[in-house]
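Visitor: I would like to understand how statements about a structure are justified. Could you take me through the reasoning step by step?

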Amino acid sequence: MARTYAHRIGGRDVASDATFESRNSSRHDDVVGVFPEADLAQVRAACDAANDAFPAWSALPAPIRGELIGTIGRALQREKETLSRLVSREMGKTLKEARGEVQEAIDTCAFFQSEGRRLYGQTVPSEMPNKELATYRRPLGVVGIVTAGNFPVAVPSWKIVPALVTGNTIVWKPSEDAPAVAYAFVKLIEEAGVPAGVVNLVFGGGKDAAGQHLIGMMDEGRVHKFAFTGSTGVGREVGAIAGRNLLHPTLELGGKNPLVILRDADLDNAVHGALFSAFGTGGQRCTSAGNILIDAPIYDAFKERFLAAVRDVKIGDPGVHEDVLYGPFINRRFFERWEEHYAWAEADGATKLYGEGRITEGNAPAGWVGDPTTAYYGWPTVWEGVTPDMRQFQEEIFGPTINLVKVDGVDEAIRTANAVDYGLSSAIYTQNREWAYAFKSRIEAGMTSINNTTNGAEAHMPFGGTKGSGNGTRESGMWVLEAYTWWHGVNDDVSGTLQLAQMDTGYVEPGDPVDVGALF
Ligand code: UN1
């Protein structure tokens, strides 16, 4: 019998009448846990708990908050293996990737532990005597967080950790695809000594459910900042509601990331990078590659080597076979959307080079291992003849599928790479410094790799996109501090008299005019 879990509101367990199950993504008969489905009143209660906890938490010295972040990091380190196995079981990524993901959360804690001892403001000279100016970072209040299931601990940590160190309190609605990982993470946060009510956890669905209720809390004035990772469509809604409340949300949205391979590239390295960018995590990363742009002179050579590598890809239950490249779809919705793309791609006129839809007993690629009846597994799928006017070129699919697009030279590669409405990550393979320079200068994307995959953002670099991939906010590193604080400018006047800025002037008298020519 699977255990039933509770929301964590104000440090207490809270149950709901309605529940849902979280199942192993690779084996649907394995129930990871039963989770409550928060109703509107419970989401509101979680926000009230977070508001109640705010004055004391924001008054706690920042270095002490940083110490708690360090303790959370050490707890994650201690539990890394168990947590990684839970990530892999619940959402289906390989253990190697799951370990990398937990490490990313640990790295985030390592970075922000010491940020509690910085959180620098500035001292600024005043234009008047006996007056000092200074700036302070102030917390925003209650942060509402809604996250996706593909990175169930790393991406939440990018939001929770900086929000906490800067003195905010939190209500988090994790993905219904990975509630167990969220529960474990919050229990470790509590273990570290973060006081009751500072981090509240409510479970449930998105649309017309807990997620939407939490977004609605901005209209009630109970949430003062929103951080969302998910689809561009939902991100626009979050942005609209935040906008009418004059709030600036953090929005990390979709991508259709270009990976360019120029004629001088090291082809072995490029094939390995393209394979992981396209099919790592089954294509279910927001940084997964969507289009591979290949320079005409090497198009055929690359295609041949890439297809050979794709034919060898090992796929199966990562809980049983640790060496698979990818496992199952995270959920049925992602699977169905991916399955549909076969119809659009063909209708658009794209040519399928490899891939036969859902993996079943009678329809499995050579590298398949295991039992396909236990979950949704998909063939690695490769298309060519894809052009920028096609839906197949433009839309994020979030599954194991990739387009090969022929381009001629670096300029056409950059133009084609920029022909999508998204701008999250990007990559180029070339040995030519000028081409690499041209790409990094002109690509419309928040993140660029040179001779590496479209993935692999490190925990202390700015993560985020341009165009349809977000609203310009950045997560991670020092940049994320802007998202969770407001700047307070303070003028401290000790002169004891009324001094008026811009009006009380004349501190020095000008000298007599000098005609330099007359001096010589
Ligand atoms: C995501 O898919 O939401 O760069 C985040 C990467 C990872 C993070 C991906 N470090 O692929």
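**Cavities and the ligand**

Guide: In this predicted model, the lining of the largest cavity has, by class, five nonpolar, seven polar and three charged residues. Among the 15 residues of that lining, Ser288, Ala289, Gly290, Ile397 and Phe398 lie nearest the centre of the cavity, and the space inside is about 120 Å³.

Visitor: What makes Gly290 count as polar in such a tally?

Guide: Gly is placed among the polar residues by the classification used here, so Gly290, which is one of the residues nearest the centre of the largest cavity, counts as polar.

Visitor: How do you know that Thr287 makes a polar contact with the ligand?

Guide: A polar contact needs a pair of N or O atoms within 3.5 Å. A polar side-chain atom of Thr287 is 2.7 Å from an oxygen atom of the ligand, and therefore the pair meets that cut-off. For Asn150, an N or O atom of the side chain is 3.4 Å from a ligand oxygen atom, so this pair also falls within 3.5 Å. The protein buries 98% of the 320 Å² that the ligand exposes when taken alone.

Visitor: Why is the ligand said to lie between domain 1 and domain 2?

Guide: Residues of the shell around the ligand come from both domain 1 (7–253 + 473–486) and domain 2 (257–458), and therefore the ligand lies between them. The shell includes Glu104, Trp158, Arg285 and Asn455, and the ligand sits in the second largest pocket.

Notes:
Residues numbered from 1 in each chain as written. Predicted model: local features only at pLDDT ≥ 70, side-chain atom pairs only at ≥ 80, totals over all residues. Heavy atoms only, no water. Near = heavy atom within 4 Å. Polar contact = N/O pair within 3.5 Å; in protein donor to acceptor, adjacent residues only side chain to side chain. Areas by Shrake-Rupley, 256 points an atom, 1.4 Å probe, with all protein chains shown as cover. 1 Å grid on protein atoms, 1.4 Å probe; cavity = no way out; pocket = protein on both sides within 12 Å on 5 of 7 lines; lining within 4 Å. Sits in = over half its atoms within 2 Å of the grid points. Domains from an automatic or database assignment. Points joined across faces, edges and corners; volume = space filled by probe spheres on them.
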